[in-house]
Amino acid sequence: MSPRIPARFHGLAELLRSASMARAYTLTTFGAVLGSFAIEWLAGLVTYATLVAGLCVVGAAMLVARRREIRFLRLVPVTLLVFAGWAGASIFWTTSRSHTALSWLSLVAVAFLAIVVGHVRDTLQTARALGDVMRWLLSISLGLEIVIGILLQSPLPLLGIQGNIARFGPVQGIFGTRNLLGLVAVLALITFVVEWRTNSVRPGLALYSVAVGGTLAVLSDSPTVLVLAAAVGLATAVLALVRHARPQNRNALQWALAAVVAIGITVGYLMRHQLIAWIGAGTDFSIRTDLWRELSYYVRFYPVQGFGFVGPWPQDVFPFAGVNIALDDHYTSALNAYADLVLQVGWVGLILFAAMVGIAMVRSWLVAGERRSVVYAWTPLILVTLLVDALFESFALFGLGWLLLVVCLVRAGQSRSWRERMDAMESSPRLPPTGIPDDARQL
């Protein structure tokens with residue numbers, strides 16, 4: 001006879017399975033990771049790591065409580081497992097095993113949080129939770145900038161706020177750098193518009209959200225914001241064209257648009273200097289060019305496997321310390337996620353990453369083009385933003401960028417995949433040789 005489970009554990013299981021718990025967990029996860037810079041500055045790295053570890057424990061308990069409704073095959077995208085496995089394997093050839101081990105644990109922990117969120121919330125619920133968190137964080141950022149830059153007129157070194165709002169930027173908010181604030185503002189604008197189009201929030205709140213996001217995007221004075229806005233605007237227009245096309249013409253239209261995108265990328269690369277001068281990012285690009293030129297020297301040593309995954313650069317580990325010494329600076333990344341991947345996990349890691357995000361992009365794009373609800377556009381537009389931003393920053397490999405990237409991977413992996421076809425085959429009614437359904441036969 002099996003032992004009787006105490007009633008209090010039944011109550012705990014019901015709590016872990018509840019919709020209110022899922023919403024609270026999603027809000028806390030987004031709030032912790034998006035506010036990681038402020039948390040580390042105010043309370044220290046140990047506090048942030050403890051918070052993430054605690055969320056992982058709670059998330060694991062939620063998945064166990066929901067084990068009957070979550071299938072193992074649908075839990076994690078295979079491409080994500082392969083990429084994370086390669087990054088973890090780099091501990092065997094890294095130049096610093098301790099840094100690689102800790103960075104890989106951070107990579108896996110944040111990815112696990114995203115996986116839990118992707119399975120306990122649907123796309124609209126995820127976008128709503130992200131919108132709520134971004135609304136608060138951007139409002140706090142704008143409020144602090146006003147207080148420090150206009151009322152007090154003195155910088156706040158504790159949070160890295162320089163108080164430049166009276167000079168119309170650049171501002172950093174509670175995100176540490178103007179480029180990260182610009183990325184968050186663009187991601188927030190996408191989310192706020194989806195909230196507005198799906199009538200998920202009141203019109204007044206939607207208008208306020210867009211106003212705050214747009215204001216901080218402009219005040220960040222980040223040259224990447226203009227590029228991200230152009231990329232998102234173009235992707236939105238193309239997606240709208242696909243969604244309004246006739247189903248029988250949609251496939252040919254998709255191939256034609258893919259060819260146009262390929263040509264556009266080629267032309268953009270050939271005219272990159274003119275484009276850089278047009279957006280006024282010549283200084284930033286020259287800095288990045290010097291950095292990438294220095295990186296190319298080190299990449300030749302280990303082009304296949306890289307020097308080991310470390311995430312944000314440690315300042316005392318080769319070759320990252322060597323790059324900073326040569327350039328007399330203190331870079332914490334390659335200012336390009338793809339260059340960072342080649343340096344840390346080699347060309348193999350870059351190919352695995354490209355396959356991972358490429359498959360997710362195709363799946364989410366096709367779903368958004370076929371289904372009528374505008375909420376399905378959220379995933380491909382977030383992916384477009386992160387992948388374009390990866391040309392100028394490495395945020396997609398850690399922190400909030402990596403969290404949202406994995407959320408999109410999980411969302412895309414739940415549709416138009418071999419898992420979906422397997423589920424459809426298993427859920428289809430199967431008749432026994434007598435022609436009577438199994439359940440009727442049992443009766």
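A disulfide is a pair of cysteine sulfur atoms within 2.5 Å. By this criterion, zero disulfides are present in the structure, which is a predicted model.

**Figure 1. Cys56 and Cys408, two buried cysteines.** The view presents two cysteines of a structure that holds zero disulfides. Cys56 has a relative accessibility of 16% and is counted as buried because the cut-off for this class is under 20%. Cys408 has a relative accessibility of 0%, and therefore Cys408 also counts as buried.

**Figure 2. A nonpolar patch on the surface.** Ile146, Val147, Ile150, Leu151 and Leu152 together make this patch, which covers about 450 Å². One of these residues, Leu151, lies in helix H7, a helix formed by residues 123–152. Is Leu151 buried or exposed? Its relative accessibility is 62%, so Leu151 is classed as exposed, the cut-off being over 50%.

**Figure 3. Helices of the protein chain.** The chain contains 19 helices and zero strands. Helix H7, which spans residues 123–152, includes Leu151.

**Figure 4. Interior, contacts and surface of the protein chain.** The protein chain has 443 residues, of which 47% count as buried. Cys408, at 0% relative accessibility, is among the buried residues. Among contacts in the chain with a separation of 6 or more, 74% are accounted for by residues 24 or more positions apart. The area exposed by the chain is about 22100 Å², and carbon and sulfur atoms supply 68% of this area.

How values were computed. Residues are numbered from 1 along each chain as its sequence is written. This is a predicted model: local features need pLDDT of at least 70, side-chain atom pairs count only at pLDDT 80 or more; totals for chains, interfaces and linings use all residues. Side-chain values use heavy atoms; hydrogens and water are left out. Buried means under 20% relative accessible area, exposed over 50%, partly exposed in between (1.4 Å probe, protein chains only). Patches are made of residues with over 30% relative accessible area and no salt bridge: like charges are joined within 9 Å, nonpolar side chains (Val, Leu, Ile, Met, Phe, Trp, Tyr) within 5 Å. Accessible areas come from the Shrake-Rupley method with a 1.4 Å probe; for residues, only the protein chains shown count as cover. A salt bridge is a side-chain nitrogen of Lys or Arg within 4 Å of a carboxyl oxygen of Asp or Glu. Helices (H or I, at least four residues) and strands (E, at least two) are DSSP runs, numbered from the N terminus. Contact means heavy atoms within 4.5 Å.
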